[in-house]
Amino acid sequence: MYDICCIGHITLDKIVTPKAVKHMAGGTAFYFSNAIRNMDVKYGLVTAVADTELHSVTDLRDKGIEVKVLPSAHTVYFENIYGENQDNRTQRVLQKADAFRAEDLKDTEAIIFHLGPLLADDISTAFIKELFSRGNVSIDAQGYLREVIDQGVHAVDWADKKEALQYVDILKVNEHELEVITGIADIKEGAKVLAEWGVKEVVITQGSMGSVIYHDSIYYTIPAYKPIEVVDATGCGDTYMAGYLYKRVKGADIQKAGEFAAAMAGLKIETSGPFEGSEADVLAMIER
């Protein structure tokens, strides 16, 4: 039994910034796992990669992370291009991996299942429903809003949203994703609609503008913790959710969990690659 189990593909990432071009592993599974591995929590990852990328799994295992690997014909290959403003990026998908299936997790139990789909068909509504019957379900919505056409990533609505969101305890979106799903630009009104559709905790990240969490008709305003230098924003949302779910599963209230998550994301943006710091580092960031 895990406290938290993340389900998602490890990707091949090509990251282009004004300062450099780098090739590395990526995806929610990668960034979330690295960010949470030094926290006091029983954690496991379920992923699917091609045989050619098994070294990325070995790297995680060498760091002490428990990983269940499912076979896949291909590994997801993303290209992320950032301008001077790290809140904005252009993406291409050069290849896709096999979808996850409910039977792949029949022997995996957790208090919180965190789902990190990267593309709309990675994780089905039936799969969400099955996990909901066994634990709390947390989802990063971004993958459900991505359609790949000729390698380009195009924004689409979440086709099964009203059915799927009945089985979601915690949903993470940014302000743009919130508007796509609800058709509402106002953050507070959009959060209220998601709650009406069944989501218990709506987490809305706004990059350098902070975040808002909505639960039981209460809005929690979470400040952004400014980095000393903006180096690489890739994986910041995944890092935020690692911090948030860690604190929630340990019993922290929403405000404290949100502040811890925001500080963790603020630290991550100061370096290229995943966050690999400690809880003490995050607490120091909050006091900085």
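## Exercises on a predicted model

Helix 8 and helix 9 (residues 279-287) pack with their axes 9 Å apart, at an angle of about 95 degrees. The structure is a predicted model.

**Exercise 1.** Classify the packing of helix 8 against helix 9: roughly parallel, roughly antiparallel, roughly perpendicular or oblique. Then list the residues of helix 8 and helix 9 that meet.

*Solution.*
- Step 1. Take the angle, about 95 degrees.
- Step 2. Angles of 65 to 115 degrees count as roughly perpendicular. Helix 8 is therefore roughly perpendicular to helix 9.
- Step 3. Find the contacts. Helix 8 brings Glu259, Phe260, Ala263, Met264, Gly266 and Leu267. They face Glu279, Asp281, Val282, Leu283, Met285 and Ile286 of helix 9.
- Step 4. Sort this contact by class. Eight residues are nonpolar, three are charged and one is polar.

**Exercise 2.** Which residues touch the most other members of the largest nonpolar core? Which helix gives this core its largest share?

*Solution.*
- Step 1. The largest nonpolar core has 51 residues. Phe32, Ile36, Tyr43, Tyr240 and Tyr244 touch the most other members.
- Step 2. Helix 8 (residues 254-268) supplies the largest share, nine residues.
- Step 3. Another core lies apart from this one. That second core has 39 residues, including Phe113, Leu115, Leu131 and Ile204.
- Step 4. Now follow Tyr240. Leave aside neighbours within four places in sequence. Tyr240 then contacts Val203, Thr205, Ser211, Ile213 and Ile222, and also Gly258, Ala261, Ala262 and Ala265.

**Exercise 3.** Tyr144 and Trp158 form a ring pair: stacked, edge-to-face or tilted? Are these two residues buried or exposed?

*Solution.*
- Step 1. The model holds six aromatic pairs.
- Step 2. The ring centres of Tyr144 and Trp158 are 4.1 Å apart, with the planes at 0 degrees. The pair is therefore stacked, since planes under 30 degrees apart count as such.
- Step 3. Place the partners. Tyr144 sits in the loop between strand 9 (136-140) and strand 10 (146-149). Trp158 sits in the loop between strand 11 (152-155) and helix 4 (161-164). They are 14 residues apart.
- Step 4. Check burial against the 20% cut-off. Tyr144 is buried at 5% relative accessibility. Trp158 is buried at 3%.

**Exercise 4.** Describe the aromatic pair of Tyr246 and Phe260.

*Solution.*
- Step 1. The centres are 5.9 Å apart, with 50 degrees between the planes. The pair is tilted.
- Step 2. Tyr246 belongs to helix 7 (residues 236-249), Phe260 to helix 8. The pair links distant parts of the chain, 14 residues apart.
- Step 3. Tyr246 and Phe260 are both buried. Phe260 also takes part in the contact with helix 9.

Definitions and conventions:
Residues numbered from 1 in each chain as written. Predicted model: local features only at pLDDT ≥ 70, side-chain atom pairs only at ≥ 80, totals over all residues. Heavy atoms only, no water. Core = buried A, V, L, I, M, F, W, Y, C linked by side-chain atoms within 4.5 Å. Buried < 20%, exposed > 50% of the residue type's maximum accessible area, 1.4 Å probe, protein only. Helix = DSSP H or I, 4+ residues; strand = E, 2+ residues; numbered from the N terminus. Contact = heavy atoms within 4.5 Å. Axes fitted to C-alpha atoms, helices over the stretch in contact; angles between N-to-C directions. Parallel < 35°, antiparallel > 145°, perpendicular 65-115°, else oblique. Nonpolar A, V, L, I, M, F, W, Y, C, P; charged D, E, K, R; others polar. Phe/Tyr/Trp six-rings, centres within 6.5 Å; stacked < 30°, edge-to-face > 60°.
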